[in-house]
Amino acid sequence: MVEKLKKSDDEWRQQLTPEQYNVLRKRATERPFTGQYVNVKADGSYRCAGCGAELFRSDAKYDSGCGWPSFWDAVDPERIEKRRDWSMVLPRTEIVCAACGGHLGHVFDDGPEPTGKRYCVNSAALKFVRDKPVAIPTPAPKIAVKS
Ligand SMILES: [Zn+2]
């Protein structure tokens, strides 16, 4: 179970930038190819900009050409809630952060294998956290043992 985070509209407005607020709370869509994460290829995790839940990993990010960060899989399907969205003529599936209810984007069925899914996410709904470089352990100093 994902723990739900409840905040008032005022609290969200204070915490988020206007751009994040419009996307996460007002279900706005940023213009294609304008988001800061469209072309990011670095290793790391994509977290919800509202509550910090880890939603996507760079391993599942791919270049879909649609103008928004696209992923073929989520870190954990439980962290993403799917809702039928009837705002357009053709119904779409809206994706929402399960913890804070923030609007992320939409999921489509034209993604690559193995899932066939395309999670199309607004950059403003995400916060990218780059992986720390793997630390190379320093060899323990040799201790001379007296016999
Ligand atoms: Zn969230």
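**Exercise 1. Contacts of Cys97**

Task: In this predicted model, list the residues in contact with Cys97, leaving aside neighbours within four places in sequence.

Solution. Step 1: set the cut-off, which is C-beta atoms within 7 Å. Step 2: collect the partners of Cys97 outside the excluded stretch; they are Cys48, Gly50, Cys51, Ala53, Leu55, Ile80, Gly102 and Leu104. Step 3: place Cys97 in the nonpolar core. The largest core has 28 residues, and Cys97 belongs to the group that touches the most other members, together with Cys48, Leu55, Tyr119, Val121 and Ala125. Step 4: name the elements behind this core. Two or more residues come from each of helix 2, strand 1, strand 2, strand 6 (92–97), strand 7 and strand 8.

**Exercise 2. The three-stranded sheet**

Task: Give the strand order of the open sheet with three strands, and identify its edge strands.

Solution. Step 1: the order is 2-1-9, with antiparallel pairing. Step 2: strand 2 (54–57) and strand 9 (126–130) are the edges, as each of them pairs on one side only. Step 3: averaged over the sheet and ignoring direction, neighbouring strands are turned by 30 degrees against each other.

Step 4: examine the pair of strand 1 and strand 2. Strand 1 covers residues 44–48 and pairs with strand 2 over three bridges, in the antiparallel sense. Tyr46 is opposite Phe56 of strand 2. The two strands make a hairpin with five residues between them, and in its turn Gly52 has a positive phi of about 85 degrees.

Step 5: examine the pair of strand 1 and strand 9. Five bridges join these strands, again in the antiparallel sense. Within this pair, Ser45 has Val129 of strand 9 as its bridge partner.

**Exercise 3. The six-stranded sheet**

Task: Work out the order of the open sheet with six strands, and state why strand 3 and strand 5 are called edges.

Solution. Step 1: the strands follow the order 3-4-8-7-6-5, and the pairing is antiparallel. Step 2: strand 3 (61–62) and strand 5 (80–85) each have a single partner strand, so one side of each has no neighbour in the sheet. Step 3: take one inner pair as a sample. Strand 4 (residues 70–71) and strand 8 are antiparallel and share two bridges; Ser70 stands opposite Cys120 in strand 8.

**Exercise 4. Lys127**

Task: Decide whether Lys127 is buried, exposed or partly exposed, and find its contacts.

Solution. Step 1: Lys127 is found in strand 9. Step 2: a buried residue needs 20 or more other C-beta atoms within 10 Å, and an exposed one has 12 or fewer. Step 3: Lys127 has 17 such neighbours and therefore counts as partly exposed. Step 4: beyond four places in sequence, Lys127 touches Arg47 and Ala49. Step 5: Arg25 is 102 residues from Lys127 along the chain, and their C-alpha atoms are separated by 16 Å.

**Exercise 5. Backbone particulars**

Task: Locate Arg27 and Phe33, describe the phi of each, and state how exposed each one is.

Solution. Step 1: Arg27 lies in the loop between helix 2 (18–24) and strand 1. Its phi is near 60 degrees, a positive value in a residue other than glycine. Step 2: Arg27 has 16 other C-beta atoms within 10 Å, so it is partly exposed. Step 3: Phe33 is in the loop between helix 2 and strand 1, and its phi is positive at about 65 degrees although it is not a glycine. Step 4: Phe33 has 11 C-beta neighbours inside 10 Å and so counts as exposed.

Task: Which residues are joined by a cis peptide bond?

Solution. Step 1: the bond lies between Glu113 and Pro114, with omega about 5 degrees. Step 2: Pro114 falls in the loop between strand 7 (103–108) and strand 8 (118–121).

**Exercise 6. The whole chain**

Task: Set the radius of gyration of the protein against that of a compact globule of 147 residues.

Solution. Step 1: the globule would have a radius near 15 Å, but the protein has 19 Å. Step 2: along the principal axes, the C-alpha atoms fill a box of roughly 85 × 40 × 30 Å. Step 3: of the 147 residues, 29% are buried. Step 4: among contacts with a separation of 6 or more, 55% come from residues 24 or more positions apart. Step 5: the protein has two helices and nine strands, running α-α-β-β-β-β-β-β-β-β-β from the N terminus.

Methods:
Residues numbered from 1 in each chain as written. Predicted model: local features only at pLDDT ≥ 70, side-chain atom pairs only at ≥ 80, totals over all residues. Pairing = 2+ DSSP bridges. Helix = DSSP H or I, 4+ residues; strand = E, 2+ residues; numbered from the N terminus. Axes fitted to C-alpha atoms, helices over the stretch in contact; angles between N-to-C directions. Rg over C-alpha atoms; globule rule 2.2 N^0.38 Å. Contact = placed C-beta atoms within 7 Å. Core = buried A, V, L, I, M, F, W, Y, C linked by C-beta atoms within 7 Å.
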